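Reader: Please take me closely through the charged side chains of this model, and then through the packing around the helices that carry them. I would like the cut-offs stated as you go.

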Amino acid sequence: KEETKAQYLSCPGLAISTVLMENVGLYIENFSGTSYTADENDTLMRFGKVFQQTYTRFLDLQKAEALTRETQVELSLERIRSQAAAMKHPSDLLDVVVSMRTEFTSLGHEAGYFWHMRWLPEKYQKAMTSGDGTRIATVMELPRRIHGEIKVLADWEKSDEPFVIFPMDVEATLDYVHKMGEWGDFERIDPNMPTEEDVRQMGGITYVMARTSLGEIGYSLVGYVERVPQPELDIFIRFAKAFNLAHKRFEDLKKSERQTRETQIELALEKVRSRTMAMQKSEELPEAANNLFLQVQDLGIPAWSAGYCIWTDDKKGSTACMSSEGVVQKPFVLPNVGVGYNFQEPLKKFMSIIMIK
């Protein structure tokens with residue numbers, strides 16, 4: 001701007017009066033080179049004091065807004081912690097994921113899909129909300145290579161960094177979605193997943209992920225987004241820490257379920273042992289088979305029949321004492337080889353479990 005520069009240099013001079021207060025500075029200037037009078041400087045001083053009061057008020061309001069914001073964030077986190085502590089079943093973890101998205105977006109943050117993913121040695125277990133966040137729409141298992149082959153994600157998992165931003169353009173997004181569909185083992189599939197046309201209209205998808213004690217939580221943004229405001233990331237990291245409580249509760253509930261199941265199995269085995277030991281005659285074996293069937297049924301194992309098979313002396317067949325749907329059958333001889341089954345080869349190999357389809 002040579003014209004502006006020439007105009008300034010052609011001025012007779014420059015006169016400036018400045019008021020410096022604790023937090024602010026005000027100044028006036030002219031290009032005539034005429035100094036300001038004492039009265040003018042006094043007036044400027046009075047304006048400076050007023051603006052100092054204004055700025056003090058600004059700081060007070062800013063502090064109040066920050067306190068209000070912190071209260072909102074902490075209330076959201078506390079609701080998540082409370083829900084996690086109240087979990088009764090491992091599956092309740094999915095409800096916590098839905099609530100986390102609701103809380104996160106209620107704080108004014110954008111989020112499309114929201115998920116948690118557990119990192120296991122050989123695979124990932126991922127549960128993801130629907131696009132509107134109202135429910136868990138997709139539950140799947142993914143091989144580790146889906147992230148292991150993406151350097152930014154592989155490096156992040158090996159690091160201690162609390163978060164990572166992974167922007168994908170259209171082609172990268174389509175490749176990722178294709179691999180997820182091809183490599184994933186789906187328990188639940190979202191019928192409203194983005195189509196290729198949707199991805200192209202969005203211009204790609206960005207994943208924002210934060211580390212948890214057992215893996216990650218994450219959310220998606222529309223388009224290729226390289227930067228996310230730091231305050232948003234800081235809050236998201238706090239959400240990840242709150243989710244750790246839900247993950248711990250999940251593990252405790254799974255352990256409790258395993259212990260309960262083991263107790264149920266041991267009790268069923270004890271009933272089978274007791275009935276077998278109480279046998280007075282060999283003819284009672286079919287009744288013991290019926291007890292076996294009832295115990296298997298009580299464990300929730302789908303079974304049409306259950307019982308005992310005793311090898312014949314020549315090992316070419318067995319005497320079957322079975323119970324079908326709780327009805328004791330008359331013992332019968334079952335050949336080792338029949339239509340749809342062959343016990344002969346497993347018998348030679350002393351296999352303890354034989355599966356017939």
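Author: A salt bridge here is a side-chain nitrogen of Lys or Arg within 4 Å of a carboxyl oxygen of Asp or Glu. The model is predicted, with local features needing pLDDT of at least 70 and side-chain atom pairs counting only at pLDDT 80 or more, whereas totals for chains, interfaces and linings use all residues. Residues are numbered from 1 along each chain as its sequence is written, and side-chain values use heavy atoms, with hydrogens and water left out.

Searching the whole structure yields 18 salt bridges. One of them joins the side chains of E74 and R81, with 2.8 Å from N to O. For exposure, buried means under 20% relative accessible area, exposed means over 50%, and partly exposed is in between (1.4 Å probe, protein chains only). On that scale E74 is partly exposed because its relative accessibility is 30%, and R81, at 27%, is partly exposed as well.

E74 has a second partner, since the side chain of R238 also meets it in a salt bridge, at 3.1 Å from N to O. Helices (H or I, at least four residues) and strands (E, at least two) are DSSP runs, numbered from the N terminus. R238 belongs to helix α8 (residues 230-277) and E74 to helix α2 (residues 38-85), so this pair ties together parts that are 164 residues apart in sequence. R238 is partly exposed, its relative accessible area being 26%. The wider arrangement is a network of salt bridges that links E70, E74, E78, R81 and R238.

Another pair to consider is R275 with E284, a salt bridge whose closest N and O atoms are 3.4 Å apart. R275 is partly exposed, at 22% relative accessibility, whereas E284, at 17%, counts as buried.

From the charged groups we can turn to the nonpolar packing. In soluble globular proteins, nonpolar side chains tend to be buried together. A nonpolar core is taken as a set of buried Ala, Val, Leu, Ile, Met, Phe, Trp, Tyr and Cys residues joined through side-chain atoms within 4.5 Å. The largest such core has 35 residues, of which Y219, F236 and F239 touch the most other members. At least two residues of this core come from each of α2, α3 (92-106), β5 (136-143), β8 (205-211), β9 (215-222) and α8, and the largest share, 10 residues, is supplied by α8. Contact means heavy atoms within 4.5 Å, and, leaving aside residues up to four places away in sequence, F239 touches S76, L77, I80, M100, E103, F104, L107 and I217. There is also a second, separate core of 21 residues, which includes W119, M128, I150 and V164.

Beyond E284 comes helix α9. The expected span of a helix is 1.5 Å times one less than its number of residues. Helix α9 (residues 285-298) has 14 residues, and its first and last C-alpha atoms are 20 Å apart, close to the 20 Å expected at 1.5 Å a residue. Because 10 of the 14 residues of α9 are buried, this helix is largely enclosed by the rest of the structure. The buried residues are L285, P286, A288, A289, N290, N291, L292, F293, Q295 and V296, and what covers them includes α8, β10 (305-311), β11 (317-324) and β12 (327-328). After α9 comes G300, whose phi is positive, near 80°.

A last check concerns the cysteines. A disulfide is a pair of cysteine sulfur atoms within 2.5 Å, and the structure holds 0 disulfides. C309 is accordingly in none, its nearest cysteine sulfur being that of C321, 8.0 Å away. Seen from C321, the closest cysteine sulfur is the one in C309, and the 8.0 Å between them is too far for a bond. The two residues also stand apart in exposure, since C309 is partly exposed at 44% relative accessibility, while C321, at 6%, is buried.
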